[in-house]
Amino acid sequence: MSSSSIAPFKWVTQLKRGILELCCLNLLASERLYGYELAKRLSEAPAFDVSLGTVYPLLSRLKKEGLVDSDLEESPLGPARRKYRLSEVGAAQLIAMNAEWRTISDFIETLIAKNPPGEDPA
Amino acid sequence: MDANPVSPTRSPEAARLEQDYLDRLRSALPSSAETSELIDNIRDHIQTALAEVPAAAEVSLTKMATVLEELGSPESIAAEFADSAPAVSQTPPTAPEPAPAQNPHSPPAAAPNSVATELSLPETLDRLFVGYLIAIVGLWVPFIGLYICHMIGFAVMLKGIQRGGGHIPQGETVKKLLIAALCVVIAHFPLSTLSLAPPLVAIIILPLSIGWMVLDIVVFWILMSGLAEVSDQRAPEMSTQLRDRRIIYVIVSIVFFILAAAIGGVIAVNSGEPKVGELVGLLLLPIWWVVGWFLILKPIRQLRNRVLAV
């Protein structure tokens, strides 16, 4: 599947989906977050225009894979709320993912430098 | 529906829209512990988003529609969930650098504790039902049945709250009260087997008995209040019933205790045998089967069935 056969919009959507997990894990690496807080931060980032609801299936998968854990926190004003945190497995995985991202992004930056935006690559 | 700072009142149209959204989401998802958590997250998201609405105001249909639109359609969320399910093989490979020996393509070696041990709401309600049933069934066997079954029943309820009480508001408080009640039951047990003269019974056992009753009332008041808050969201038609029954439970508990103590006390004094007085009191306790069924067990069972039905 070459990039030339994919409409730019679809490619961007796929790209964002791919790095959503990386961003989610990085956000949880710095602090424990409620699902709502995580969804809000991801949706407000200029790079993403994902619907808020798509974050929750991602969280379900990450939890199933053992990359995140959650704790129920009792609230005096209503039902307990679930707060998510990076698990030990997730922390180790994140180190590897971030390293992979840096490698890939450095390479892409190198390629882009040869083809500045606005110029016809041909 | 009662309003509180976190859950403002919905207009009827907004409430119907929200319920329809959640129903569509449940229908689109398979039944599992993961989807139960997903639905809880979505519900919590809606609650939190609506918390921006001033407490005195009512959530309008427009506001609810906006919040749900931001979430995306239930079908899209379910589709994302379905895409995520086999996504273990799509996880990015580990970098060439040495990493801890974790294979991202294999299922977690040890499932996270929060998934393995956490009970769903229906399962938590089942534990509460069974625990209280054990506690009151033991009333049929004087002395030993009362204490042993109460200890086992409260322990079952305690475990249920520990593993799934997060579903119930004030679950931690209920847990602490159940522990206190267990301690009182354990303390009461040996004392009740001693042949104590009436003055000593009054000094030692009576305060414990009163403490037991008070703890019992407070535990079930808070528990039923928590279940009423759960029903506000999951089964609104049951909310009033649950709130009414906790009031009846308090009244019946106090009246029953006074009656049992009075009858038992009078007979004990007249016969000169404190054990006879206790026996009379205990023979009245099977009435608690009926009381416990209608005020505690039946509502828990109904709420559990209602939660499963939606």
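A disulfide is a pair of cysteine sulfur atoms within 2.5 Å, and the legends below, which describe a predicted model, begin with that term.

**View 1. Cysteines without a disulfide partner.** Counted over all chains, the structure holds 0 disulfides. In chain A, the cysteine sulfur closest to that of A:C24 belongs to A:C23 and lies 8.6 Å away, which is too far for a bond. A:C24 itself is buried, since its relative accessibility is 0%. In chain B, the cysteine B:C149 also counts as buried, because its relative accessible area is 18% and the limit for buried is under 20%.

**View 2. Chain A as a whole.** Chain A combines 4 helices with 3 strands, and from the N terminus on these elements follow the order α-β-α-α-β-β-α. Of the 122 residues in this chain, 43% count as buried. When the contacts in chain A between residues at least 6 apart in sequence are considered, 48% of them join residues at least 24 apart. The chain exposes about 6,700 Å², and carbon and sulfur atoms supply 59% of that area.

**View 3. The loop around A:E31.** A:E31 sits in the loop of chain A between helix 1 (8-30) and strand 1 (33-34). With a relative accessible area of 34%, A:E31 is partly exposed, because that class covers values between 20% and 50%. Once its neighbours within four places in sequence are left aside, A:E31 is in contact with A:R41 and A:Y84. With A:R41 the link is also a polar contact, in which the two side chains are joined at 2.7 Å. A further pairing in space is that of A:E31 with A:L86, for although these residues are 55 apart in sequence, their C-alpha atoms are 8.4 Å apart.

**View 4. Chain B as a whole.** Chain B contains 12 helices and 0 strands, so that its elements, read from the N terminus on, run α-α-α-α-α-α-α-α-α-α-α-α. The chain has 310 residues, of which 46% count as buried. Among the contacts in chain B with a separation of 6 or more, 73% are accounted for by residues 24 or more positions apart. About 14,400 Å² of chain B is exposed, and 68% of this area is supplied by carbon and sulfur atoms.

**View 5. Helix 2 of chain B and B:T48.** Helix 2 of chain B is mostly covered, with 15 of its 18 residues buried. At 1.5 Å a residue, these 18 residues should span 26 Å, and the end C-alpha atoms of the helix are indeed 26 Å apart, which agrees. B:T48 is found in this helix, which takes in residues 33-50, and B:T48 counts as buried because its relative accessibility is 18%. Its side chain reaches the backbone oxygen of B:D44 at 2.8 Å. Leaving aside the neighbours of B:T48 within four places in sequence, this residue is in contact with A:Y36 and A:R81, both written with the letter of chain A.

**View 6. B:G171 in helix 8 of chain B.** B:G171 lies in helix 8 of chain B, which takes in residues 171-193. The residue is buried, since its relative accessible area is 2%. B:G171 is 52 residues from B:L223 in sequence, yet the two are 7.6 Å apart in space, C-alpha to C-alpha.

Methods: Residues are numbered from 1 along each chain as its sequence is written. Chains are lettered from A and ligands numbered from 1 in the order in which they are written. This is a predicted model: local features need pLDDT of at least 70, side-chain atom pairs count only at pLDDT 80 or more; totals for chains, interfaces and linings use all residues. Side-chain values use heavy atoms; hydrogens and water are left out. Helices (H or I, at least four residues) and strands (E, at least two) are DSSP runs, numbered from the N terminus. Buried means under 20% relative accessible area, exposed over 50%, partly exposed in between (1.4 Å probe, protein chains only). Contact means heavy atoms within 4.5 Å. Accessible areas come from the Shrake-Rupley method with a 1.4 Å probe; for residues, only the protein chains shown count as cover. A polar contact is a pair of N or O atoms within 3.5 Å; within protein, one must be able to donate a hydrogen and the other to accept it, and residues adjacent in sequence count only if both atoms are side-chain atoms. The expected span of a helix is 1.5 Å times one less than its number of residues.
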